[in-house]
Amino acid sequence: MVAAPAIEEVYNPTGVIKRLYEQYEGSDDEFPAVVASHFSAILFNTDDRVNELPSLDVHHPPEAYTNGTLVRFRAMVQDTSLSPELYVAKLNNHQCGGWGLSTSDSSETSGIVGYQDLQELTTLWAVSVPAESPWHAEDTSPLASSFPAHVPLRPHKFPIPDVPHIGIQIKMYDNQSSQFIKTTDVVTFVGILSSEPVYTESSSPSEAPVLHVICHQSIAESLPNIKEPCSVRRELLRWVSEHVLGGDDLAVEWLLLQLSSKVHTRSAAFLPPSLTLSRFPPPPHPNTLPTLSCALSELLRKYTPVPLSLELLNTKSFTPESREEDLHSGYLQLPAGTTILLTESALREGKVTEKGLMNIRAIQEIMNSQTLDYAFPFSRFTFETDISTIVLVEGRKSTFFEEVQTSLNVPLQSTVGKNLYRSKEEVPWPSPGKLTIFRSYIMACKAAIGKVNVSEATSKYIQEDFVRQRQEDKTTTPDDLIHLMRTARLLAASYLQEEVTIEVWEKTKELEAARKSRAVSLNTGT
């Protein structure tokens, strides 16, 4: 239950707003910030009270609530290009008119409205967080009701086709704070639910859910405290090796480094790698995903598989595109921290169309520079991303992504090919408590990568060591040092260490030597 001091704010938010307005003596354009501050202090700063509010999700859709209900919506911002709107900020008799009050109190808006009583609000479109794993999603228990399955009004604004989700128009009255919200940001919006007619591509008006935002908060991932990280690391590696990747300890080591990566600086030398697991056995049946996909969905907070095929590449959109002033989403419009698994088992010989080539280039840009282009009628805008990519290929190299600068190719060496495609029900999962520890550990690794540094003494050791390597192997290039340093930082982070030590550097060289040796051995058939 909601604590007593918050009852009025929760069950009568419009009444609270009206009272605040009566007490307010400033200008109308600054009043929304006062409302946001008041509600934020109660809902966000006190014992996570916001989590006690009714939630919008696929099991609790907008039609499950009456208009005027104060709800929370944990969402990804999909479109910030919607035109701003004017609203009547001051009604007759000097009453407040924002947050839907000007429409609910229509009698107060009769007559002439002065220009000085109008203010501008920001409109956005937000959707359920795409690629969010079910175990991490909020309040997933279905609501006992007779409501049919929710049908989103604009499904083209969700990145992943045919996935149940909520899409809603967001109206933000605090324009100053809305300026800091970007596409793909994950935000908790708190607002008053209503519905309004909107025009779709067919130009026929449809009732769409609208959230009049009172306050909001960008989602900050809490940092877990991992006891005995080395022990947790060993247990996780052992479980993934035995039950997911067929006993391939080397591949699991590289997989863990991939899962530990994230963008912490935009320098090309420190961008996350793209991992290719080559020599991966084909599925026993078409459209069957590997056990690795099941494992990633249970270990990661945001994950989605993308089974590549010519039909998918040639017909679907991977990048957002504005059509008729409406931003359509694409597979790659995903929140920061998402991991995608690209499988190539369904690729066959055939023609790649211009759209397919654009989609391939978009994936390559994610891998190379962590950027994604949004297409508008007369321009293209580049937005930063933070998406980790893993590619599964049957041959010795990827069809489309082998030349990616950040690509790492690890040939899989497994003796239990059929066990790589076990269903979720067939996998011996760790206990719920252990699984929670594994999830927290991976999150801690991602947080640690931004803190890893190299001491002056270790830096000197690495430089001298690399000079010796180049003298012994003339094919060694400066790019090899960049790759080794990136790997060393990830390895240190996987031990939750804040420094690349000489021990970590030597371990990095061993991992790289083993990877190269295996690639040469398998490619020469020895």
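Which residues does Leu245 touch, not counting residues up to four places away in sequence?

## Nonpolar cores

In this predicted model, Leu245 touches Val240, Ala251, Val252, Leu255, Leu277, Phe280, Leu412, Ser414 and Leu420, with residues up to four places away in sequence left out. Leu245 and Leu277 have the most contacts inside the largest nonpolar core, which has 55 residues. A second core, separate from that one, has 33 residues, including Phe158, Phe318, Tyr331 and Val391. In soluble globular proteins, nonpolar side chains tend to be buried together.

## Helix α8

Helix α8 spans residues 291–299, and 8 of its 9 residues are buried, so the helix is largely enclosed by the rest of the structure. The buried residues are Thr291, Leu292, Ser293, Cys294, Ala295, Leu296, Glu298 and Leu299.

## Ser423

Ser423 lies in the loop that runs between β15 (407–411) and α11 (432–449). Its relative accessible area is 29%, so Ser423 counts as partly exposed, the class between buried (under 20%) and exposed (over 50%). Ser423 and Pro290 are separated by 133 residues in sequence, but their C-alpha atoms are 8.0 Å apart in space.

## Packing of α7 and α13

Two packed helices are described by the angle between their axes and the distance between the axes. For α7 (residues 249–259) and α13 (residues 478–494), the axes come within 9 Å and cross at roughly 85°. The two helices, α7 and α13, are therefore roughly perpendicular to each other.

On the α7 side, the contact is made by Trp254, Leu256 and Leu257; α13 contributes His483, Thr487, Leu490, Leu491 and Ser494. Of the residues in this contact, 5 are nonpolar, 3 are polar and none is charged.

Notes:
Residues numbered from 1 in each chain as written. Predicted model: local features only at pLDDT ≥ 70, side-chain atom pairs only at ≥ 80, totals over all residues. Heavy atoms only, no water. Core = buried A, V, L, I, M, F, W, Y, C linked by side-chain atoms within 4.5 Å. Buried < 20%, exposed > 50% of the residue type's maximum accessible area, 1.4 Å probe, protein only. Contact = heavy atoms within 4.5 Å. Helix = DSSP H or I, 4+ residues; strand = E, 2+ residues; numbered from the N terminus. Axes fitted to C-alpha atoms, helices over the stretch in contact; angles between N-to-C directions. Parallel < 35°, antiparallel > 145°, perpendicular 65-115°, else oblique. Nonpolar A, V, L, I, M, F, W, Y, C, P; charged D, E, K, R; others polar.
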